[in-house]
Structures are given as structure tokens and as C-alpha cells.
Amino acid sequence: MTVLGISAYYHDSAAAIISDGKVLFAAQEERFTRIKNDASFPEESIKFCLQEAGITVSELDAIAFYDKPFLKFERLLETYYAFAPRGFRSFSKAMPVWLKEKLFIKQFIRKKLKELNGGHKIPNLKIVFPEHHLSHIASAFYTSPFSKAAFLTVDGVGEWTTTAYGHACGKKGIEMLGELEFPDSLGLFYSSFTYFLGFEVNKGEYKMMGLAPYSSKNSERVRRFMEIISAKLIDIREDGSIKLNQVYFEYPYGLRMVDPKKWEQLFELKKREPEEAITQIHADLALAAQKVLEQALLRMLQHIKKETGANYLCIAGGVALNCVANSVLYEQQLFEDIYIQPAAGDAGAAIGAALVTNYLHSDLPFFGLTKNFDNYLGPKFSEIDIERVLRKHKCQFEYIDSDEEVYEKTVNYIVEKKVVGWFSGRTEFGPRALGNRSILADATDPEMQSKLNRKIKFRESFRPFAPAVCEEDYDAYFKPGKRSHYMLFTNQLKESLLQELPENFDSFSLEEKRKFPKSQLPAVTHADLSARVQVVKKSMNPKFWNLLQKYKKVTGTGVLINTSFNVMDEPIVNTPEDAYRCFMNSGIDVLVMENFLITK
């Protein structure tokens with residue numbers, strides 16, 4: 001059975017194609033349109049998936065859209081009615097889009113696929129609409145190594161559901177045991193703080209997560225903020241369910257997440273505007289929100305363990321991209337192992353919609369994947385494609401026949417403190433660059449974090465960078481923890497690598513905390529002495545693994561900075577043209593595209 005999965009119209013639109021339970025290809029629309037978090041119908045992604053799989057539209061057995069539009073529309077109408085007349089501005093803005101496009105998605109899909117089929121209709125084309133959280137569940141379970149597992153999905157909102165849990169079995173299917181419904185949403189709770197702290201909702205949550213560790217240990221202000229949040233904003237019940245005090249929130253009906261005046265009175269803090277400086281009090285509020293999120297998630301996990309008795313857990317939904325919370329949950333050891341799909345947000349729901357359609361509409365059993373899920377699912381480019389771009393730009397380049405020489409020259413540039421744009425193989429699916437569309441640099445250089453943020457990424461100075469390390473070398477640098485191949489957990493650095501912090505470190509400003517070298521890997525050591533590690537497995541990415549091994553052989557250090565190949569507010573590069581343009585418009589020193597090497 002061959003199924004095309006689609007997610008669209010909220011954020012991170014994507015398409016995926018699967019055949020008999022195997023994910024063949026998947027891509028996010030933003031990579032083609034170059035619009036960050038593009039929510040439009042993923043026409044280019046669909047074209048890519050079909051072309052790469054060598055499948056025509058008429059050969060598809062089904063199309064799966066990642067949620068139920070009519071159910072979501074019902075929620076919008078009921079919510080606007082319940083809060084009338086306060087939601088009129090939001091209502092008048094939303095309705096034209098719904099009446100023009102979203103309500104008629106089935107007809108729209110048929111129209112687009114007819115165009116892709118040379119203008120010919122596709123008779124009896126089955127279009128199905130799994131519920132949003134079912135798509136999330138399937139995206140995690142059917143790409144996991146488990147034949148049986150409990151599951152938890154947490155995001156902003158699907159149709160009505162904001163959180164769901166239950167049990168999945170490869171032979172019996174998916175059993176939903178409980179749900180939370182809108183407007184009580186842990187995802188929207190966290191996004192409300194994102195908004196109040198001056199970051200963009202659905203784009204800036206990871207910035208808030210990265211800011212939180214700059215808070216001071218045992219801060220009285222953090223404790224007070226947490227007490228206010230627990231007393232006024234959120235009620236966390238014993239079973240992990242939550243109730244939000246809607247007096248303080250506007251997202252159900254308005255164009256803002258919260259009423260800033262009410263929050264300013266509550267926290268005695270003015271709402272930060274995007275252009276305003278970030279100070280210690282902002283980090284303290286970010287940590288307080290992060291800690292309350294973790295408390296709620298932990299209660300949920302305790303309840304799920306009690307209800308299911310499962311040994312394993314799968315997590316999906318946008319909140320599953322919070323790697324700090326994921327590590328807190330893993331460290332509780334309630335489950336033997338936790339699996340999180342690398343594109344846990346709405347993009348990954350395109351995969352989930354296709355998978356759940358395949359497994360629930362056929363007799364195909366699922367026994368758990370015997371190999372790690374391969375998320376290198378996007379476009380790749382030939383040497384001819386790359387050379388054509390370089391010649392078009394009249395660019396001086398060096399072609400290197402030997403992969404070993406590519407590794408050697410790349411390593412030498414990194415040793416010289418150069419920043420390398422690394423373009424290889426298929427584009428990663430999901431928000432993390434995992435060695436195919438990466439910017440690489442020296443993790444031992446105390447100035448590298450600042451250089452990358454200021455001259456290459458053009459972003460906030462407090463933002464941390466992730467290390468990549470080969471699986472075999474993990475224990476030399478990091479304490480025991482979840483070894484994530486997808487950068488979805490954080491790990492603490494080994495004590496032997498840490499520098500002694502000054503007694504007054506907590507009183508340092510954010511910038512002073514950032515600048516102080518906290519370990520022998522200062523460029524990847526966050527303010528709380530953690531790092532979001534990519535553990536590189538040779539079987540998953542042999543080329544990147546070989547590069548890391550070459551770097552270790554030359555320098556004695558087996559860790560490199562690995563950050564996504566893009567600049568602020570742009571998607572990760574997809575094509576050779578994207579890579580060349582990003583290289584020329586940023587402070588990247590060297591561009592390596594397969595076996596082509598370009599310097600400035």
C-alpha cells in the first residue's frame with residue numbers, strides 16, 4: 001500500500017510518501033519556498049516525494065491529511081461563540097481563509113493532484129483524515145524500535161485535543177486512554193510565555209528554552225515566579241491533567257496569546273518587545289515556565305505508567321521538541337526507554353498520517369524498527385547539479401576525488417578556526433541539521449560561540465550550539481544519559497572537562513555567563529553545563545562519522561560544533577544554490593559540497 005501524507009495550514013507544512021509501512025521520502029515546504037515555517041499547501045514537497053519515489057499520482061492507494069478540518073472548524077466556531085463578542089477581530093480574520101481553502105481541502109487536494117497528473121482525473125482516489133493527535137502518535141510509534149509502547153502527544157492544539165495518551169501495539173493498533181481538550185493546552189501555556197518574553201510564537205519557543213539556563217541557581221525570584229504561575233495560571237492535577245485560568249489568556253479568541261497588562265501586574269515585569277534587551281529577569285521567568293512545564297509533563301508520565309504498565313514510551317507533538325524537558329523525563333527512569341520522532345512537530349504529522357492510514361487500513365503488522373529511523377529523507381544532488389551552480393556563479397572551486405582528502409582538508413580548515421558549511425547527501429527531515437546540511441566549527445574555541453552567532457547566524461548572543469560526537473566517543477565527554485541521534489535530549493559534560501566557576505558566577509550578567517569558559521569544550525557548553533548532543537552512528541551517517549573520526553585523529557578531540565546551515569529567520573539550506581547563497585551572504589569561511597571545496 002502506497003500512501004501520500006500531507007500536513008498544512010498551521011505551520012511547518014510537509015509531505016511524505018510511504019510504501020508498505022516504510023517511509024521512503026519526506027520534505028518540508030519551507031525548504032523549497034525558502035519561507036521559514038511555511039504553512040502553505042506543500043505542493044513542492046508533494047512533487048518531490050512523487051518524483052523521487054518514481055510514483056505517479058494514479059499509483060497512490062490513498063492520500064492522508066494530518067487532521068480533520070471540519071472538526072477543527074467546529075472548535076473555532078464554538079470557541080468564538082463562547083467568548084463573543086471578544087473574538088470578533090480574530091473571527092473576521094480567520095473565516096475568509098477557512099471558507100476559501102481549509103474547509104474544502106478534499107476538493108483542493110483533488111485539484112492539485114489532477115494538475116500533477118497532467119490534467120487527468122484520478123478515479124476513486126481515497127482521501128482520509130486521521131485526527132491530528134492520531135497522526136502524531138503514529139509518527140512516533142511506527143518509526144520506533146518498540147512493538148508495544150505507551151504514548152504521549154502534547155502540542156498547542158489539533159482539532160479539540162491538546163494532549164493525548166494511551167497504548168500502542170504493533171498487532172492490535174492504537175488505543176487512546178485519555179485526552180485534554182482546548183483551551184487547556186500545555187503547548188499554548190508555554191507559547192504564552194514565549195510571547196510575553198518577546199519571541200515569536202511557534203518559532204521562538206526554543207529560544208526561551210535556550211534562555212532559561214542563564215537563570216541563577218536557587219534563585220528566589222524563580223521560586224516566586226513558579227509560585228505565581230502555579231497559583232494564578234495553571235492547575236496541575238495528580239493525573240497530569242491541567243486547567244488554565246483563562247482570565248489571563250487571550251489565545252482562544254484573540255490575536256494575542258495573553259493580556260499583557262494582566263501579566264505585567266502578575267509578574268511585576270513589563271512585556272518584553274522583540275527589539276528590547278534580554279536581562280536576568282527574563283531568564284528567570286523563562287526558567288520558571290520551563291520548570292512548571294516539566295512538572296506537568298512528569299505528572300503525566302507518572303499517570304501513564306500507572307495506567308498502562310508499559311516498559312517503553314513514545315512522545316510526539318511540538319512540546320516533544322523541548323530537549324531539556326525530555327531529558328528530565330528520561331532521567332526519572334519511569335520507562336526503560338523513551339523514543340521521540342525527530343520531526344516531532346506538525347511536519348512529522350505528515351509521516352504519521354500516512355503511516356496510520358497504511359497500518360490501520362491493511363493487515364500489515366508492526367514489530368518495531370530493527371534499525372534507527374532514517375530521517376535523511378529529503379532531496380539530494382549530483383556532482384553535475386553542484387558544478388552547474390558553481391559555474392553559473394563563476395565561482396573558483398576545487399574538486400577532490402578522494403573522500404579521505406575531503407575529510408583531511410575540511411579538518412585542517414576547522415583546526416585553523418575556520419567555519420565550514422557542510423553540504424552532503426539528502427536533506428534532513430525535521431528542525432535539526434544532523435550532518436548533511438550543517439555548519440561545523442571548533443568546539444574548543446572560547447570565541448566560537450560569539451563568532452557563529454554574530455557573523456554567521458546573525459542571531460541573539462545567548463543562543464547555544466550543539467556538539468556532534470561519534471557514538472564510540474560519547475563516554476569520553478559526557479555523563480551517562482539518553483544518547484540521541486536526533487538532538488532531542490540534553491546531556492551533562494563530564495566533571496573532568498569542567499572549569500571551576502567563580503563563587504559569584506550567579507551574579508554575572510547574561511553576557512558574562514556566556515563568555516566565561518565553563519569547560520574544555522566552551523563553545524558547546526551551556527550556562528547550566530549541559531549540551532544538546534548529537535550522537536553520530538556510523539550506520540546512520542557514515543560520511544559525517546568519518547569526518548568526526550578524522551578530526552579526532554588530527555586534534556585528539558572527537559567533538560565538533562554542529563549547527564544548522566542557515567542564518568536567522570531562514571530555513572535550513574536545501575539545494576546547492578541555497579548553500580552557495582548562504583555561504584556568500586554570511587561569515588562562513590569554507591563551503592564543502594560533496595567533493596567540491598570553495599573558499600572565500
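Which residue caps the N-terminal end of helix 10? The views below show a predicted model, in which local features need pLDDT of at least 70, side-chain atom pairs count only at pLDDT 80 or more, and totals for chains, interfaces and linings use all residues. Residues are numbered from 1 along each chain as its sequence is written, and side-chain values use heavy atoms, with hydrogens and water left out.

**View 1. The ends of helix 10 (residues 260-267).** Asp259 caps the N-terminal end, with a side-chain oxygen 3.1 Å from the backbone nitrogen of Lys261. Just after helix 10, Glu268 takes a positive phi of about 50 degrees. Helices (H or I, at least four residues) and strands (E, at least two) are DSSP runs, numbered from the N terminus.

**View 2. The two sides of helix 10.** Pro260, Trp263, Leu266 and Phe267 are the buried residues of this helix (under 20% relative accessible area; exposed is over 50%, partly exposed in between, with a 1.4 Å probe and protein chains only). Because these buried residues cover an arc of only 125 degrees around the axis, they lie on the same side of helix 10; the arc is that of the directions from the helix axis to the C-beta atoms. Lys261 and Gln265, on the other side, are exposed.

**View 3. Strand 16 (residues 467-470) and its partners.** Pro467 and Val469 point one way, Ala468 and Cys470 the other way, and all are buried. Strand 16 pairs with strand 20 (residues 559-564) in the antiparallel sense over 3 bridges, where pairing requires at least two DSSP bridges between two strands. Val469 stands opposite Val559 in strand 20. Strand 19 (residues 534-536) runs parallel to strand 16, joined by 3 bridges, and its Gln534 is the bridge partner of Ala468.

Terms used. A polar contact is a pair of N or O atoms within 3.5 Å; within protein, one must be able to donate a hydrogen and the other to accept it, and residues adjacent in sequence count only if both atoms are side-chain atoms.
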